[in-house]
Amino acid sequence: MISPTTIPPMLTPATVCLDGKVILVTGANGSLGRTAALAFARHGATVVLHGRNAARLDPIYDEIEAAGKETPAMLMLDFLRATDADFKGMADAIHQMFQRLDGIFHAAGHIAPLTPLALQDLPTWEAHVRINLLAPLALTRACLPMLKRAPHASVVFLSESHATNDKAFWGAFAVSKSALHHAAAIWNDELEHESALRMRVLVPGPVASQCRAVTHPGEAASELASIRSLERVFLLLMSADPRLPQSSVFNA
């Protein structure tokens, strides 16, 4: 098992740490994706917003534009049904618009109410594995040529504490997320001598997110840390800050 590294609390990102960069945020309409996209835009990035529904992305697009930041782009794709050709088409669209990509923040995810493994049928497993594991890996692979050309590119996969702490009822979600930890470490090993690109997995911890509301329905959001508390960590990982410890998996 790969033990997560905690990011030192004294590390703070530069004001324009993403100036001039193009960053793709998947699942940008979700609570974590939206928070990341807005933070990246505020710190200088041109953000490519991904989701399944343009209407749900429009408010984020409008908020970035209204703030006077770099005009974002929007791309729609259903990860549950996407093929290699679809992911390549997404990468090609980014290249056509910007001729570069400096990072991916994988916020798209699938979570269902917690149930025993005995009740998790094949469609349940397929949805979790395709959206949480196969889609981010396939999309990263499709974008790899652009990422390898970028100076100090970073790919961030979101995980969850139960991916490293086996617990009853977390089943398909925990298994699909834990595989990302190993995939990122393997990819970093393969890239070590050919690119500055780094793959990183982030375990955000308990925050008031849409995912947390599904897994802990009786918990009051007011008792949890705000998602905004994660912005510092999002920015440090996405900017590939050289002060970060050498690790593939991080705790917020």
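The exercises below, each with a worked solution, concern a predicted model of a protein chain.

**Exercise 1. The chain as a whole**

Determine how many helices and strands the chain has, and decide whether the chain is as compact as a globular protein of its length.

Solution.
- Step 1. Count the elements: the chain has seven helices and eight strands.
- Step 2. Compare two radii. The radius of gyration is 17 Å, and the globule rule gives 18 Å for 252 residues. These values are close, so the chain is as compact as a globular protein of that length.
- Step 3. Look at the extent of the C-alpha trace. Along the principal axes it spans about 50 × 40 × 40 Å.
- Step 4. Look at burial and contacts. Of the 252 residues, 50% are buried. Among contacts between residues at least 6 apart in sequence, 74% join residues at least 24 apart.

**Exercise 2. The sheet**

Give the order of the strands in the sheet, and find which strands stand at its edges.

Solution.
- Step 1. Write down the order. The eight strands run β1-β8-β7-β6-β5-β2-β3-β4 in an open sheet, and their pairing is parallel.
- Step 2. Read off the ends of this order. β1 (5-6) and β4 are the edge strands; each has a single partner strand, so one side of each lacks a neighbour in the sheet.
- Step 3. Recall what holds such strands together. Strands of a sheet pair through backbone hydrogen bonds, in either a parallel or an antiparallel way.
- Step 4. Examine one pair. β6 (residues 154-158) and β7 (residues 198-203) are joined in the parallel sense by five bridges. Phenylalanine 157 has valine 201 in β7 as its bridge partner.

**Exercise 3. Helix α2**

Check the length of helix α2 (residues 54-66) against the expected span, then work out how its buried residues are placed around the axis.

Solution.
- Step 1. Compute the expected span. With 13 residues and 1.5 Å a residue, α2 should span 18 Å. The expected span is 1.5 Å times one less than the number of residues.
- Step 2. Compare with the model. The end C-alpha atoms of α2 are 18 Å apart, which agrees.
- Step 3. List the buried residues of α2: Leu57, Ile60 and Ile64. They cover an arc of only 60° around the axis, so they lie on the same side of α2.
- Step 4. Turn to the other side of α2, where Ala55 and Ala66 are exposed.
- Step 5. Find what covers the buried residues. The cover includes α1 (31-42), β3 (46-51) and β4 (73-76).
- Step 6. Inspect both ends. At the N-terminal end, asparagine 53 acts as a cap, with a side-chain oxygen 2.8 Å from the backbone nitrogen of alanine 55. After α2 comes glycine 68, which has a positive phi near 80°.

**Exercise 4. Helix α7 and glutamate 231**

State how many residues of α7 are buried, and describe the surroundings of glutamate 231.

Solution.
- Step 1. Count. Seven of the eight residues of α7 are buried, and the helix is mostly covered. They are Glu231, Val233, Phe234, Leu235, Leu236, Leu237 and Met238.
- Step 2. Name the cover. Among the elements over these buried residues are β2 (22-26), α1, β5, β6, β7 and β8.
- Step 3. Classify glutamate 231. A residue is buried under 20% relative accessible area. Glutamate 231 has 10% relative accessibility and therefore counts as buried.
- Step 4. List its partners. The side chain of glutamate 231 makes a polar contact of 2.4 Å with the side chain of arginine 228. Residues up to four places away in sequence aside, glutamate 231 touches Thr35, Ala39 and Arg42.

**Exercise 5. Positive phi and phenylalanine 98**

Locate two residues that have a positive phi without being glycine, then classify phenylalanine 98 as buried, partly exposed or exposed.

Solution.
- Step 1. Take glutamine 99. Its phi is positive, about 60°, and it sits in the loop between α3 (84-98) and β5 (103-106).
- Step 2. Take alanine 240. Its phi is also positive, about 55°, and it belongs to the loop between α7 (231-238) and β8 (249-251). Its relative accessibility is 16%, so alanine 240 counts as buried.
- Step 3. Classify phenylalanine 98, a residue of helix α3. Its relative accessible area is 23%, so it is partly exposed.
- Step 4. List its contacts. Neighbours within four places in sequence aside, phenylalanine 98 is in contact with Val22, Thr46, Val48 and Ala73.

Conventions: Residues are numbered from 1 along each chain as its sequence is written. This is a predicted model: local features need pLDDT of at least 70, side-chain atom pairs count only at pLDDT 80 or more; totals for chains, interfaces and linings use all residues. Side-chain values use heavy atoms; hydrogens and water are left out. Helices (H or I, at least four residues) and strands (E, at least two) are DSSP runs, numbered from the N terminus. Buried means under 20% relative accessible area, exposed over 50%, partly exposed in between (1.4 Å probe, protein chains only). The arc is that of the directions from the helix axis to the C-beta atoms. Contact means heavy atoms within 4.5 Å. A polar contact is a pair of N or O atoms within 3.5 Å; within protein, one must be able to donate a hydrogen and the other to accept it, and residues adjacent in sequence count only if both atoms are side-chain atoms. Two strands pair if DSSP finds at least two bridges between them. The radius of gyration is taken over C-alpha atoms; the globule rule is 2.2 Å times the number of residues to the power 0.38.
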